Structure formats: structure tokens, C-alpha cells
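Here's a quick walk through one chain, from the broad layout down to a few individual residues. Have the structure open while you read.

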Amino acid sequence: MPEETLNIAVFGESNVGKSHYGAQLIARLNAETGSMRMRGAAPDLAAFDDVVQSLNGGVPGAHTAAGTYTETLLPVLTEDNLAIDLNWPDYAGEQVSQLLEERRIPASWQQRVETADGWILMVRPERAPLAEDIFSRPLGDLKSSRPDGAVIERSPQARLVELLQMLLYSTHVRTGKAKPALAVVLSCWDELQVPEGTTPEQVLGQNLPLLAAFVRNNWDERRTLVLGLSATGVALSKDSPNKDFIYKGAEQMGWVVTTDGTHTPDLTAPISQLAKALQN
């Protein structure tokens, strides 16, 4: 057994696919079809039972209930025999919204944030559209287009930057630890209309330039990577079960877009590549 064990934590707002990816990742690990494998039994996988059952039936899993917070420990091993404790959360993304509104890291998150050597930030580009601002439209047009008394809300990009700022404060500033390595995973890639060969970094820069600039200016590029992900490969509907999932198996579906824009069916790639970045 390797002496060093790295801890990786996953973060993301609502509807970015954390549960679907977690369920598909567990299936890949159990089938040993990727570059990583389990190095022992997970203590408890009950949090993913309903999602796994839904995917095997060709339909999407249910949205995580608002009050839910559980964490599944996945003890995994890379092809280089590097041990990783992957802490996969099951919580409603609304908890991230509450965190941002209260400007406070909840106690249930604190240890996970402080002890993580690497972070995976899951972002769904289609749910983080560019907001119109003074750089895209004249100030007078913006003022006239907003009804009197309308509430001004932070853009999705600003929220993601603020989330990273709070996480950084809880680790790098408050405890003096080095910044964790960071993997930005652009989820639901199958719903993006991008040419074949487009790299995830290009999509991040075009669709979320504020987030891209913040990551670029605050992390060493050797400890940062941007990847694409389609955990299921296609959009699923509760009204029309996908027959490929039923007959081929959910563990055969889904893919990752690597940093150079190529596709791989290895859903463990974000974790194994982040582990390599942790060595820099």
C-alpha cells in the first residue's frame, strides 16, 4: 500500500451533474475499465443507489433533496500506484447558494475543504450564460432594459469566482496551506454546440471568461487543468427511457474531453490527471 494518500474534494452548484458523474464513476471503477481502480471497498455507496438504478433503467436520477448532505469515500488507486481518497459529496446545489449568501463555510464542509489536496469544480456552461454588462452594451441601454425596482443578482460566473475565493480563504489564507491543485470540469458537454476538436480551455475562455481569468491569475498552470465531461453521453428523459442504457449498461456510456480536445470513455481521467498535477 502506498504511504502517501491524497485527498480530493468535489464542488459544484445545482444541476451540474455531480450525482450522475459519481454514479457513473463508481460503475467504471467497479468494472475496472479505466485508468484507476478501487484499492478497497467503499464504506458506504447507499447515496448513489437511486441514481444507479435510474441510469440502469435509462432515465435520469432525481434531484438531490434540499436538506441532504452526505459524503461517499472512494478509496482509489491510479495506474502509477498513487493512493487517493476521493470524497464525493451528495448535496443539493442550493447549499452552495446558501453558502454564498451567508458568506460562511458551514461546519459540515470545513474539514473537507481544509484537508483536500486537490479540488474538482464542476461547472455546467449552459447554466452559466454570459450576462450583459458595460463591456457588451452601452450603460444607457442596460439601465433602460432593467425594470424599476428589479433585483440585481450576481452573474453565475461571479458566483463561481466567489465560491473559489471563499474556499481559498478557508485553506490558503486562513490555514497557510498551499493552494490545492484545481480541475475545472465542464459538465454536460453533449449539450454544447462546439466543433469537434474544441478544447475545454477554449470553451471555458469563450463561455466563462471571468472564471477563466480568475483561475489563470490565481493558480500555477502546472497545477490546473480544464476538462470536459458528459457523464451519460446523451440527455436522458424520464418520459422516454434510453434503450442503450438498458441493454448495453450505463457503465458503457459517457465520456471525457481531455485537455487537447480528444474524447475518451475513461471517466476516471479527471481524477487521475488531477493526481498528476498534484505532483508538480
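## The chain as a whole

Start with how the chain connects to itself: among contacts between residues at least 6 apart in sequence, 80% join residues at least 24 apart. Keep in mind that this is a predicted model. Its secondary structure comes to 10 helices and nine strands, and 49% of the 280 residues count as buried.

## Two nonpolar cores

As a rule, nonpolar side chains in soluble globular proteins tend to be buried together. Here, the largest nonpolar core has 41 residues, and the members that touch the most others are Tyr21, Ile84, Leu86, Ile120, Met122 and Ile271.

Take Met122 and look past its neighbours within four places in sequence. Its contacts there include a run of residues from early in the chain, Val10, Phe11, Gly12 and Glu13, followed by Val16, Gly17, Lys18 and Tyr21. The rest of the list is Trp88, Val185, Ser187 and Leu229. Apart from this core lies another one, of 35 residues, with Ala9, Val96, Leu168 and Leu204 among them.

## H10, tucked in

Which residues of H10 are buried? They are Ala269, Pro270, Ile271, Ser272, Leu274, Ala275 and Ala277. That's seven of the nine residues in the helix, which spans 269–277, so H10 is largely enclosed by the rest of the structure. Ile271 also turns up among the residues with the most contacts to other members of the largest core.

## H4 against H6

Helix H4 (residues 107–115) packs on helix H6 (residues 156–173) at an angle of about 65°, and their axes are 9 Å apart. The two helices are therefore roughly perpendicular to each other, and their crossing is right-handed.

On the H4 side, the contact is made by Gln110, Val113 and Glu114, which meet Leu167, Ser170 and Thr171 of H6. By class, that's two nonpolar residues, three polar and one charged.

## Met166, also in H6

Met166 lies in H6 as well. Is Met166 buried or exposed? With a relative accessible area of 13%, Met166 counts as buried, since the cut-off is under 20%.

Leaving out residues up to four places away in sequence, Met166 touches Leu99, Leu100, Arg103, Arg104 and Ile105. Of these, Arg104 is 62 residues from Met166 in sequence, while the two C-alpha atoms are 7.9 Å apart in space.

## H7 against H8

Helix H7 (residues 200–207) and helix H8 (residues 209–218) pack at an angle of about 120°, with 5 Å between their axes. Leu204, Gly205, Gln206 and Asn207 from H7 meet Pro209, Leu211 and Ala212 from H8. This contact has four nonpolar residues, three polar and no charged ones. Leu204 also belongs to the core of 35 residues.

## Gly261 in its loop

For a last stop, go to the loop between strand S8 (255–257) and strand S9 (263–264), where you'll find Gly261. Gly261 is buried, with a relative accessible area of 7%.

What does Gly261 touch, not counting residues up to four places away in sequence? The list is Gly197, Thr198, Thr199 and Pro200. Pro200 sits at the start of H7, which covers residues 200–207. The C-alpha atoms of Gly261 and Gln202 are separated by 9.4 Å, with the two residues 59 apart along the chain.

Notes. Residues are numbered from 1 along each chain as its sequence is written. This is a predicted model: local features need pLDDT of at least 70, side-chain atom pairs count only at pLDDT 80 or more; totals for chains, interfaces and linings use all residues. Side-chain values use heavy atoms; hydrogens and water are left out. Buried means under 20% relative accessible area, exposed over 50%, partly exposed in between (1.4 Å probe, protein chains only). Helices (H or I, at least four residues) and strands (E, at least two) are DSSP runs, numbered from the N terminus. Axes are lines fitted to C-alpha atoms, for helices over the stretch in contact, and angles run from 0 to 180 degrees between N-to-C directions. Angles under 35 degrees count as roughly parallel, over 145 as roughly antiparallel, 65 to 115 as roughly perpendicular and the rest as oblique. A crossing is left-handed if the near helix is turned anticlockwise from the far one by less than a right angle, and right-handed if clockwise. Contact means heavy atoms within 4.5 Å. Ala, Val, Leu, Ile, Met, Phe, Trp, Tyr, Cys and Pro count as nonpolar, Asp, Glu, Lys and Arg as charged, and the others, Gly among them, as polar. A nonpolar core is a set of buried Ala, Val, Leu, Ile, Met, Phe, Trp, Tyr and Cys residues joined through side-chain atoms within 4.5 Å.
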